[in-house]
Amino acid sequence: MDRVIELLKKAKQGDKKSRDTLIEENIGLVWSIVRRFGQRGYDYDDLFQIGVIGLIKAVDYFNTDYDVRFSTYAVPMITGEIRRFLRDDGMVKVSRSIKDHAAKVHKAREKFFGENGREATAQELAAQTGLLLEEVIMAMDAGAEVDSLQKVIYQGDNNEICLMDKIEDPVDEGEKVLNRMLVENLLDQLKPNERDIIILRYYCSQTQSQIAKRLGISQVQVSRIEKKILASMREKI
């Protein structure tokens, strides 16, 4: 641990050799995280390069005053970099031509429904628009409404069920480990009284009033501290 801290201090002073040593010695950590994202349809080497960027950021941003191992700090940094890449690269991009086709198909559907009192088939829309059947199908898919995960799909008995409640949440043990390491890392960076509030609130399910009584402060103070801590944690994530 002392050797790693010494290398980190030298790296922050501009010692390239120490910086390169830290990166080389933690490359295995990048590969172990990349494997967790292997089922996303991306090349391992591409994800590895993104993960290395996260590792480099961990080296550059790590505070040697943290009472935490460098590897514990690096894991969420590497994971976050890969997740940002997957999030940004995975956004749906619809070409201009498909948008034009979608507008043409939409207009043809409305006209057909007005004249015939029923929805047109894809084949009928292809004949009306002069588009290929494949182009019509792609245009219809591109124009489909994307539902919000918060959309209410059932309401009754004073209860609401949202779309996200019906989505299966596959258990990824590796992901759970990474998330737990991230939370532990963030908790280690809090002051003792701040850490107590978060643990009591979210691990022991105590109310703000119960925590206030236990710590000898007001409920308003607990609320203010909790909001400040959560905002800080979100920013670091």
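This report walks through the nonpolar cores, aromatic pairs, salt bridges and one surface patch of a predicted model.

**The cores**

Let's start inside. The largest nonpolar core has 27 residues, and Phe70 and Ile82 are the ones that touch the most other members. Five helices, α1 (2-12), α2 (16-25), α3, α4 and α5, each put in at least two residues. The top contributor is α5, which gives eight residues to this core. As a backdrop, nonpolar side chains in soluble globular proteins tend to be buried together.

What does isoleucine 82 contact, once its neighbours within four places in sequence are left aside? The list runs Ile33, Val34, Phe37, Leu47, Ile50 and Gly51.

There is also another core, lying apart from the one just described and made of 11 residues. Val105, Ala108, Ala120 and Val136 are among them.

**Aromatic pairs**

Next come the rings, where the structure holds three aromatic pairs. Tryptophan 31 and phenylalanine 48 are stacked, with 4.3 Å from centre to centre and 10° between the planes. Tryptophan 31 sits in helix α3 (residues 27-34) and phenylalanine 48 in helix α4 (residues 44-61), so this pair ties together parts that are 17 residues apart in sequence. Tryptophan 31 is partly exposed, at a relative accessible area of 27%, while phenylalanine 48, at 13%, is buried.

Phenylalanine 62 and tyrosine 73 meet in another way: their ring centres are 5.2 Å apart and their planes stand at 75°, so the pair is edge-to-face. Phenylalanine 62 is in the loop between α4 and α5 (70-89), and tyrosine 73 is in helix α5, so parts that are 11 residues apart in sequence are tied together here.

Are these two rings buried or exposed? Phenylalanine 62 is buried, with a relative accessible area of 0%, and tyrosine 73 is buried too, at 9%. The ring pairs don't stop at two residues here, since they link Phe62, Phe70 and Tyr73 into a cluster. Phe70 is a name we have met already, as one of the two residues that touch the most other members of the largest nonpolar core.

**Salt bridges**

Now for the charged side chains. Side chains of opposite charge can pair when their charged atoms come close. In this model the count comes to eight salt bridges, and the table sets out some of them.

| Acidic partner | Basic partner | Closest N to O |
|---|---|---|
| Aspartate 60 | Arginine 19 | 3.1 Å |
| Glutamate 81 | Arginine 84 | 2.8 Å |
| Glutamate 226 | Arginine 201 | 3.0 Å |

Take arginine 19 and aspartate 60, which form a salt bridge. Arginine 19 belongs to helix α2 and aspartate 60 to helix α4, so the bridge ties together parts that are 41 residues apart in sequence. Arginine 19 is partly exposed, with a relative accessible area of 26%, and aspartate 60 is partly exposed as well, at 35%.

The bridge between glutamate 81 and arginine 84 stays within one helix: the two are three residues apart in α5, and so are separated by about one helical turn. Glutamate 81 is buried, with a relative accessible area of 12%, whereas arginine 84 counts as partly exposed at 31%.

What about glutamate 226 and arginine 201, whose side chains meet in a salt bridge? Glutamate 226 lies in helix α12 (residues 219-236) and arginine 201 in helix α10, so parts that are 25 residues apart in sequence are joined. Glutamate 226 is buried, at a relative accessible area of 6%, and arginine 201 counts as partly exposed at 26%.

Back to glutamate 81 and its surroundings: which residues are joined by salt bridges that share partners? Lys57, Glu81 and Arg84 form one such network.

**A nonpolar patch outside**

Finally, the surface. Val183, Ile199, Tyr202 and Tyr203 make a nonpolar surface patch of about 370 Å². Tyrosine 202 is found in helix α10 (residues 192-202), the helix that also holds arginine 201. Why does tyrosine 202 count as partly exposed? Its relative accessibility is 45%, and partly exposed covers values between under 20% (buried) and over 50% (exposed).

Notes. Residues numbered from 1 in each chain as written. Predicted model: local features only at pLDDT ≥ 70, side-chain atom pairs only at ≥ 80, totals over all residues. Heavy atoms only, no water. Patch = residues over 30% accessible without salt bridge, like charges linked within 9 Å, V, L, I, M, F, W, Y side chains within 5 Å. Areas by Shrake-Rupley, 256 points an atom, 1.4 Å probe, with all protein chains shown as cover. Salt bridge = Lys/Arg side-chain N within 4 Å of Asp/Glu carboxyl O. Helix = DSSP H or I, 4+ residues; strand = E, 2+ residues; numbered from the N terminus. Buried < 20%, exposed > 50% of the residue type's maximum accessible area, 1.4 Å probe, protein only. Phe/Tyr/Trp six-rings, centres within 6.5 Å; stacked < 30°, edge-to-face > 60°. Core = buried A, V, L, I, M, F, W, Y, C linked by side-chain atoms within 4.5 Å. Contact = heavy atoms within 4.5 Å.
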